[in-house]
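Colleague: Please take a close look at how the helices at one packing site meet, and then follow the contacts outward from there. I would like the cut-offs stated as you go.

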Amino acid sequence: MYDIIIVGGGPAGLTAALYARRANKTVAVIEKATYGGQITYSPKVENIPGFINVTGNEFAEKLTEQILEQGADLQFCEATAIQKTDGGYTVITDDGTFDGKTVILATGAKHRRLGLPHEEELIGNGISFCAVCDGAFFADQTVGVVGGGNSALQEALQLSELCKKVYIVQNLPYLTGEAKLCEQVNTKENIEVILGTTVKSLLGDDHLTGITVQSENGAETTLMLDGLFVAIGLLPQNEPFADMFPLDESGYVESDERCFVPNPGLFVAGDCRKKAIRQVTTAASDGAVAALAACRYLDEQV
C-alpha cells in the first residue's frame, strides 16, 4: 500500500509527487496519456520561473526525471474509479488496482477542441489555447480567437495589445461574454468580430496558415492567420470520481486553498479544481500544498 496515490501526471501531480517523496512517503503517480499534461503542447514557454524559455516537452521531461530520481513510481494507465477501504482508498484502473492511504486528484482540465481534421497536429504549431502563455510569439502578426464568452474576449483583448490584427470568430449571432468585456472589445480598432460564423477547416500542413469559415447563409471565407487561439471552454477530467469528490456545476472539484475536500484522506490539486487562475505555476503550487496536506494527514494518523 502506498502512502499517497496521485491521479494525474501534469505539473500539479508531479510536483505533489516531488514534495511527498522528499517527505519520505511512498508515492505512485497514475497517468493515462502523457506525463507533463497540457504543457507538452507548448513549443516554447517563457513564464516558468527559472527558465528564459523552455519547450513544454523539455519541462515535462525534467520534472518527470526529477520525481523518478526521488523514487516515485509511475504507473501508465487510466484511473476509472476510487473506492473507500478500511485502510484508505483503492484506485481502480484499466490495468489493475492500487491501494493508498491517501489520494490526490490532479487530473487537470482539457481544452475543448474544434473537432477538425489536422487539429491535433497543429496544436503548438499555430494553434494555441492561452494568450498569457503564447501571445508574445505572435507580436505584430494576425491571429484569430474562436469563441465569444468571457475567456475568448479576455484572450482577444490581451492579444490586441500585441498583435497587428485580431479576429474573433463566434458561432452565435451575439457575443456571450460580460457587457463590459464586449464594450472593451468594440473600442479596439484592431479587433474584428465575426458573428454567426463557424470554423470549417484549418489551413496549413506543418504550421497553421489560416482558416476557412462559414456564415449562417452558407457563404465561406478564408482568413489568413499566423495563429489561432481556441477559447471554447475547458473539460475537467473529474466525472469518474464524482462519488468521492464534490463537483460544481461545471465539473470542477470544490475545495479551499488548502486543497482539502470533505472526505478525509482525499485531496485535490491543479486545474481540475475550482479556481480563478489556471497556469503551470499555480498547478505546481497546488501540488505542493496538496502533498504537504496529505503528509500532515498521514503523520497525524500515526
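Modeller: In this predicted model, the axes of α1 and α7 come within 7 Å and cross at roughly 40°, where axes are lines fitted to C-alpha atoms, for helices over the stretch in contact, and angles run from 0 to 180 degrees between N-to-C directions. Helices (H or I, at least four residues) and strands (E, at least two) are DSSP runs, numbered from the N terminus. The angle makes α1 oblique to α7, given that angles under 35 degrees count as roughly parallel, over 145 as roughly antiparallel, 65 to 115 as roughly perpendicular and the rest as oblique. The crossing of α1 and α7 is right-handed; a crossing is left-handed if the near helix is turned anticlockwise from the far one by less than a right angle, and right-handed if clockwise. Residues are numbered from 1 along each chain as its sequence is written, and side-chain values use heavy atoms, with hydrogens and water left out. Because this is a predicted model, local features need pLDDT of at least 70 and side-chain atom pairs count only at pLDDT 80 or more, whereas totals for chains, interfaces and linings use all residues.

On the α1 side, the contact is made by Pro 11, Ala 12, Thr 15, Ala 16, Tyr 19 and Ala 20, contact meaning heavy atoms within 4.5 Å. From α7 come Val 280, Ala 283, Ala 284, Gly 287, Ala 288, Ala 291, Leu 292 and Cys 295. By class, the contact of α1 with α7 has 12 nonpolar, two polar and no charged residues, where Ala, Val, Leu, Ile, Met, Phe, Trp, Tyr, Cys and Pro count as nonpolar, Asp, Glu, Lys and Arg as charged, and the others, Gly among them, as polar.

Ala 284, in helix α7, shows the contact residue by residue. Leaving aside residues up to four places away in sequence, Ala 284 touches Pro 11, Ala 12 and Thr 15. The C-alpha atoms of Ala 284 and Thr 15 are separated by 5.6 Å, although these residues are 269 residues apart along the chain. At 24% relative accessibility, Ala 284 counts as partly exposed (buried means under 20% relative accessible area, exposed over 50%, partly exposed in between, with a 1.4 Å probe and protein chains only).

Helix α1 (residues 11-22) also packs against helix α2 (residues 56-70), their axes coming within 9 Å and crossing at roughly 25°. These two helices are therefore roughly parallel to each other, and the crossing of α1 and α2 is left-handed. Here Pro 11, Leu 14, Thr 15, Ala 17, Leu 18, Arg 21 and Arg 22 in α1 meet Phe 59, Leu 63, Thr 64, Gln 66, Ile 67 and Gln 70 in α2. The residues of this contact of α1 with α2 divide into seven nonpolar, four polar and two charged. Beyond α1 the chain enters the loop between α1 and β2 (27-31), where Asn 24 is found. Asn 24 has a phi near 65°, a positive value in a residue other than glycine, and it is exposed, with a relative accessible area of 65%.

Two ring pairs extend this picture. Rings of Phe, Tyr and Trp (its six-membered ring) pair if their centres lie within 6.5 Å, and planes under 30 degrees apart count as stacked, over 60 as edge-to-face and the rest as tilted. By this rule the count comes to four aromatic pairs. One of them joins Phe 51 and Phe 59, whose ring centres are 6.2 Å apart and whose planes stand at 90°, so the pair is edge-to-face. Phe 59 is buried, with a relative accessible area of 13%, whereas Phe 51 counts as partly exposed at 28%.

On the α7 side, the rings of Phe 267 and Tyr 297 have their centres 6.2 Å apart and their planes at 70°, so this pair is edge-to-face. Since Phe 267 lies in strand β17 (residues 266-268) and Tyr 297 in helix α7 (residues 280-301), the pair ties together parts that are 30 residues apart in sequence. Phe 267 is buried, with a relative accessible area of 4%, while Tyr 297 is partly exposed, with a relative accessible area of 23%. Ring pairs also bring in Phe 260, linking Phe 260, Phe 267 and Tyr 297 into a cluster.
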